[in-house]
Amino acid sequence: MYRKDPGSKVTTIAEVAERTALLLEAGLAPSNIWGHLKVNNSNSDTLESKRKKELPINSIFQVAENAVKQGNFFTKEVIKLTDNNSKEERTAWGVFAASWSVALQLGGSLASTLYCTATSLYNLAQLKRDAYAQLSGPRSTINLITFLPIFGVLFGTLMGFDTI
């Protein structure tokens with residue numbers, strides 16, 4: 001049975017941070033990056049594009065592009081835009097936008113800041129996966145203990161015992 005990766009949403013945002021840092025290191029201006037990051041929805045066969053369709057990623061890029069072109073920070077707009085998403089998505093997008101704003105306000109290297117942000121988000125996604133894996137044993141035990149009395153009564157009845 002296929003279960004959704006618990007860290008996939010955070011990993012997607014970490015990929016965005018890493019690609020943004022890569023484009024910045026390649027020499028693109030911060031205002032020109034967003035057009036290169038927009039997701040093309042025409043190729044919907046790949047798993048990556050299906051995962052990215054879950055996020056309003058193009059609208060986030062549009063908000064960020066407009067704010068950067070006007071010389072503003074886009075932290076509040078991104079947080080408002082992701083209000084309907086899960087808590088982990090809102091947090092990850094907020095971290096991305098905040099790291100962008102802090103790097104620009106303090107005059108730091110935007111690319112290295114975004115690389116560090118991407119690394120942190122990758123680590124957060126891996127922690128989510130590890131926690132999910134660590135809790136799979138107790139989760140299975142709870143399921144077994146929940147249905148064990150039902151199976152006991154059923155098998156007792158089938159064997160001819162007066163179980164009730």
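## A charge over a ring

In this predicted model, Arg139 is placed over the face of Tyr132, at 4.5 Å from the centre of the ring. Tyr132 falls within the residue range of helix α7, which covers residues 110-134, and this helix takes part in both of the helix packings described further on.

## Overall make-up

The protein has eight helices and zero strands, and its elements, taken from the N terminus on, run α-α-α-α-α-α-α-α. Of the 164 residues in the protein, 31% are buried.

## Packing of helix α7 with α1 and α6

Helix α1 (residues 8-25) packs with helix α7 (residues 110-134) at an angle of about 160°, and the axes of the two helices are 8 Å apart. Because angles over 145 degrees count as roughly antiparallel, α1 is described as roughly antiparallel to α7. The crossing in which α1 passes α7 is left-handed, and the residues in the contact of α1 with α7 divide by class into 16 nonpolar, three polar and five charged.

Helix α6 (residues 87-106) also packs with α7, again at an angle of about 160°, with the axes 9 Å apart. The angle therefore makes α6 and α7 roughly antiparallel to each other, while the crossing in which α6 passes α7 is right-handed. Which hand, then, does each crossing have? It is left-handed where α1 passes α7, and right-handed where α6 passes α7.

## Aromatic pairs and the cluster

A pair of aromatic rings is described by the distance of the centres and the angle of the planes. The count in this model comes to six aromatic pairs, one of which is formed by Trp93 and Phe96, with 5.9 Å centre to centre and 85° between the planes, an edge-to-face arrangement. Trp93 and Phe96 are three residues apart in helix α6, so about one helical turn separates them, and both of these residues are buried.

Phe96 also forms an aromatic pair with Trp100, for which the values are 6.5 Å centre to centre and 50° between the planes, so that the pair counts as tilted. Phe96 and Trp100 both lie in helix α6, four residues apart, or about one turn of the helix, and both are buried. Phe96 thus appears in the edge-to-face pair with Trp93 as well as in the tilted pair with Trp100. These three residues belong to one aromatic cluster, which is formed by Trp34, Phe61, Trp93, Phe96 and Trp100.

## Two partly exposed residues

Asn32 has its place in the loop between α1 and α2, the latter covering residues 33-37. With a relative accessible area of 44%, Asn32 is partly exposed, since that class lies between the limits of 20% for buried and 50% for exposed. Although Asn32 and Lys69 are 37 residues apart along the chain, their C-alpha atoms are separated by 8.6 Å.

Ser59 lies in helix α4, which covers residues 57-69, and at 30% relative accessibility Ser59 counts as partly exposed. The C-alpha atoms of Ser59 and Thr82 are separated by 9.9 Å, with their positions 23 residues apart along the chain taken as the sequence separation.

Terms used. Residues numbered from 1 in each chain as written. Predicted model: local features only at pLDDT ≥ 70, side-chain atom pairs only at ≥ 80, totals over all residues. Heavy atoms only, no water. Axes fitted to C-alpha atoms, helices over the stretch in contact; angles between N-to-C directions. Parallel < 35°, antiparallel > 145°, perpendicular 65-115°, else oblique. Left-handed = near helix turned anticlockwise from the far one by under 90°. Nonpolar A, V, L, I, M, F, W, Y, C, P; charged D, E, K, R; others polar. Phe/Tyr/Trp six-rings, centres within 6.5 Å; stacked < 30°, edge-to-face > 60°. Buried < 20%, exposed > 50% of the residue type's maximum accessible area, 1.4 Å probe, protein only. Lys NZ or Arg CZ within 6 Å of the ring centre and 35° of its normal.
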